Amino acid sequence: MLGGAQIAFMELVVCFAVRIPVRVTLPIVLAACREMALLAFEVKRCVPGQPGKPCRRVRFDHLFPVVRIIDTVKSMHISRTGLIFDERFLAHDTGVEDTVMMRRGSFRLSPVSHPSSTFITKRVKEFLDGSGLTAQMLPVEARAATEDEVAAYHTHEYIAGMRGLVASGAQVPGKMFQASWGCVDEETVLSPGSFTAALYATGGALNAVSAVIEGHVHNAYALLRPPGHHAMCNQALGFCIFNDAVIAAHYARNVYGLERVMIVDWDVHHGNGIQDAFYQDAGVLAVSLHQEDWYPKGWGALEQIGRGAGIGYTVNIPLPPGTGDRGYRAAFEQLILPIGRQFCPQLILIIAGQDASWLDPVAHMMVTMDGYRQLSSLMVDLAGEVCAGRLVILQAGGYSARYVPYCTAAIVEPLVGIDLGVVDLYATAPELRRCQTIFSHETQIALDAARSWHGQRWKL
Ligand SMILES: [Zn+2]
């Protein structure tokens, strides 16, 4: 029977043979050293002249100090949480808004940043850096997704059309652009760097999936830009160009052979592209919580549950404005967690929109920084329970430049397993307490309806 040191040595040989990076091999070297130290300790304690007597295992806290030092170094080196960020994401520049439309004509005033501004992404990254979170995470590189990878959902005509449209310098400001290959809605602003940024954001999502499935990291947060969950196979929609979540789920199945992927989209807007992609697919459980009857119109009703083999695997949870922390938590505890346990995914993707926050300018859901921390924590626990912790979070919306960084840090903290003690931006505001405690009659009705409806297909 092989001992721990021998097993670690064999793993090391295999690692070198297939050129696995040092961040993987170093922990194995340390494990081998630890086992050898234990072995040496036990040999020392064997009593001479009593050959049949087994060596006595001693309590761990009595062992050589070197063993504990090695374990400390190991735990410091194996960063559990990956962080995906690339300066190229920032090349998707949505510019400013300075025009007021009138029924007849328009006028201009001082510019303000587009809601989906590069500025917010930068502030989030700076917040993660400044708070010390980045230092606790392992950087995972982004890359440009290949055309074949993107074509797992989008048409080749759309990909080529978008490449050409961006290269032509068209910005599509304020009006729908339509062509034979697809369309770009009036809200999705393009800049010269948008196509490259979208490829890197998609590739970043794929690298995050690879890093988690291959075990380089335990879980990952992908601070992506532009977002993806509204994009359809031939439509850029709602600030989104390529649907990174759909492509990432296909990638996990095609490249790693996964059979069940769960997507939880807590962006305040419905994840229409995800629903469209997997509507007839029982291999992807697509859950979306969103403000009811909001955006995009016609998507996200409770009754939309999938078609054919996919019936039951689309789970919409429309919630009323003002749901707040308690309502969101109840939706997770009463619906998402039990459904997730029954589906038993091999990987969980979260589409993280921080636009359900109480300070967001485009929606009205009243979730606080602490509320986001709770949702993240629940999903970390679910992933630990059903799929060995495999969890990848993809950045989606969030339009409060002041508050999104706070909420993002609160989402990342449970992934890393720490609480840095960041004080809420408006910690003393009475409105904050209200957002944390409100549970309206409308929320109760919405949750009852969702439980009753989805209870026809899931045990709730
Ligand atoms: Zn959104």
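This tour moves through a predicted model, stopping at a strand, a helix, a small sheet and a helix pair.

Begin by selecting strand β1, residues 81-84, where both faces are covered. Thr81 and Leu83 are buried on one side, and Gly82 and Ile84 are buried on the other. In a regular strand the side chains alternate between the two faces of the sheet. Keep β1 displayed and add strand β7, residues 219-222, which pairs with β1 in the parallel sense over four bridges; here Leu83 stands opposite Tyr221. Then add strand β4, residues 138-140, which runs parallel to β1 and is joined to β1 by three bridges, with Pro139 of β4 as the bridge partner of Leu83.

From β1, turn to helix α12, residues 404-416, since β1 and β7 are among the elements against which the buried residues of α12 pack. The others to bring into view are α4 (118-131), β12 (347-352), α11 (369-386) and β13 (391-395). Twelve of the 13 residues of α12 are buried, so the helix is largely enclosed by the rest of the structure; colouring by burial should pick out, among them, Val404, Tyr406, Ile411, Glu413 and Leu415. If you place a distance between the end C-alpha atoms of α12, the value is 18 Å, which agrees with the 18 Å that its 13 residues should span at 1.5 Å a residue. Step one residue beyond the helix to Gly417, which follows α12 and has a positive phi, near 90 degrees.

Next, select strands β5, β6 and β8, which form an open sheet in the order β5-β6-β8 with mixed pairing. β5 (177-179) and β8 (235-236) stand at the edges, each with a single partner strand, so one side of each is left without a neighbour in the sheet. Zooming in on β5 and β6 (residues 182-184), you will find an antiparallel pair joined by three bridges, in which Gln178 stands opposite Cys183.

Finish with helices α10 (residues 324-343) and α14 (residues 441-454), whose axes come within 10 Å and cross at roughly 5 degrees. With that angle, α10 is roughly parallel to α14. To see the contact itself, select Gly327, Ala330, Ala331, Gln334, Leu335 and Ile339 in α10, which meet Thr443, Leu447, Ala450, Arg451 and His454 in α14. Colouring this contact by residue class gives six nonpolar residues, four polar and one charged.

Terms used:
Residues numbered from 1 in each chain as written. Predicted model: local features only at pLDDT ≥ 70, side-chain atom pairs only at ≥ 80, totals over all residues. Axes fitted to C-alpha atoms, helices over the stretch in contact; angles between N-to-C directions. Helix = DSSP H or I, 4+ residues; strand = E, 2+ residues; numbered from the N terminus. Parallel < 35°, antiparallel > 145°, perpendicular 65-115°, else oblique. Contact = placed C-beta atoms within 7 Å. Nonpolar A, V, L, I, M, F, W, Y, C, P; charged D, E, K, R; others polar. Buried ≥ 20, exposed ≤ 12 C-beta atoms within 10 Å, placed from the backbone. Pairing = 2+ DSSP bridges. Expected span 1.5 Å × (residues − 1).
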